[in-house]
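Dear colleague,

Here is the structure I promised to pass on to you. My notes on what was found in it follow below.

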Amino acid sequence: MKNRPLLSVCLMVLCIIASMVVWGRERFIKELRPSPIERYAAEGDNITICGKIYRQEQKENCRMIYLKENSIYSNSKKFQESKIIIYTNSSQKLHIGNQLKVCGKVSFYEEARNPGNFDQKFYYQKQGIHGKVRSDDIQIMDYKRNKLKDRLEKFRMNWQKMLQREMGERDGSALAAILLGEKSGMDQEMKELYQVNGIGHILAISGVCFLCWVFLIGERMA
């Protein structure tokens, strides 16, 4: 180590970063700190949300609507929440960019109960999502939409359905995650295998590369 000062410095920096992540996650990682909805609302509270759609996913038993730039009313308090997920059975036609008003009960994601298990709370916290709402009471307040993002979302969903139809639910969902970065339909056990083996990043990177390839082909054909 005496003859390798650069290596010593790198090891010290690595130890500091590891300590920050393990013992001081909330202090140094903004997304892991308690958000307004965790401070002002309790599990099961009725809340009203006004926010903008930035993503949608269709599950087997429900639909997930991702909202951002949210104004929330709870227990006579009004506060802002960056992102939240709405779980609904509504078949209402919605588009990326629509402004919604949603009324429902709030709940929070659970931490991993055993070491090595999938930590749902940490997974969503890293995306800036700290709560979820179950509701079928959805109103469109502004029909303005982002046409490009909306078409890309439909493109991803149609490809995912096609892969699942042709290859089966499990294999099709896994391939959709690799090609499109669409992990919503992927088997939970398989997700954990990717994460435990340290290759979870492949799913996101592969999806980005595939979409870039699609855009390049589209430009050449135009």
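At 27% relative accessibility, Lys-52 counts as partly exposed. I begin with this residue because its side chain meets that of Glu-69 in a salt bridge, with 3.7 Å from N to O, and the pair ties together strand β2, where Glu-69 lies, and strand β1, where Lys-52 lies, across 17 residues of sequence. Please keep in mind throughout that this is a predicted model.

A search of the whole structure finds 6 salt bridges. Another of them joins Glu-111 to Lys-121, with the closest N and O atoms 4.0 Å apart; here the link runs between distant parts of the chain, from the loop between β4 and α4 (120–125), which holds Glu-111, to Lys-121 in helix α4, 10 residues apart. Glu-111 counts as exposed, at 53% relative accessibility, whereas Lys-121 is partly exposed, with a relative accessible area of 25%.

A salt bridge is also found between the side chains of Lys-154 and Asp-150, at 3.9 Å from N to O. Both residues lie in helix α5 (residues 147–167), 4 residues apart, which is about one turn of the helix. Asp-150 counts as buried, at 4% relative accessibility, while Lys-154 is partly exposed, with a relative accessible area of 39%. Arg-145 belongs to the picture as well, since a network of salt bridges links Arg-145, Asp-150 and Lys-154.

As for the overall arrangement, the protein has 8 helices and 5 strands, and along the sequence they follow the pattern α-α-α-β-β-β-β-α-β-α-α-α-α. Of its 222 residues, 36% count as buried, and the accessible surface comes to about 14,100 Å², with 56% of that belonging to carbon and sulfur atoms. Among contacts between residues at least 6 apart in sequence, 64% join residues at least 24 apart.

Which residues touch the most other members of the largest nonpolar core? Within this set of 20 residues, they are Ile-37, Ile-49, Ile-65, Leu-67, Ile-84, Ile-86 and Leu-100. At least two residues of the core come from each of β1 (46–58), β2 (63–74), β3 (77–88), β4 (99–107) and β5 (129–142). A second core, separate from this one, has 8 residues, among them Tyr-66, Ile-85, Tyr-109 and Ile-129. To return to Leu-67, and leaving aside its neighbours within four places in sequence, its contacts include Ile-49, Ile-53, Ile-84, Ile-86, Leu-100 and Val-102, and also Lys-52 of the salt bridge described above.

On the surface, Leu-7, Leu-11 and Leu-14 make a nonpolar patch of about 250 Å². Leu-7 lies in helix α1 (residues 5–23) and is partly exposed, with a relative accessible area of 37%.

Finally, I looked at the cysteines. The search of the whole structure finds 0 disulfides, and Cys-50 is in none, the nearest cysteine sulfur, that of Cys-103, being 8.1 Å away. Why does Cys-103 form no bond with Cys-50? The two sulfurs are 8.1 Å apart, which is too far for a bond, given that a disulfide requires the sulfur atoms to be within 2.5 Å. Cys-50 counts as partly exposed, at 22% relative accessibility, and Cys-103 likewise counts as partly exposed, at 25%.

With best regards

Conventions. Residues are numbered from 1 along each chain as its sequence is written. This is a predicted model: local features need pLDDT of at least 70, side-chain atom pairs count only at pLDDT 80 or more; totals for chains, interfaces and linings use all residues. Side-chain values use heavy atoms; hydrogens and water are left out. Buried means under 20% relative accessible area, exposed over 50%, partly exposed in between (1.4 Å probe, protein chains only). A nonpolar core is a set of buried Ala, Val, Leu, Ile, Met, Phe, Trp, Tyr and Cys residues joined through side-chain atoms within 4.5 Å. Contact means heavy atoms within 4.5 Å. Accessible areas come from the Shrake-Rupley method with a 1.4 Å probe; for residues, only the protein chains shown count as cover. Patches are made of residues with over 30% relative accessible area and no salt bridge: like charges are joined within 9 Å, nonpolar side chains (Val, Leu, Ile, Met, Phe, Trp, Tyr) within 5 Å.
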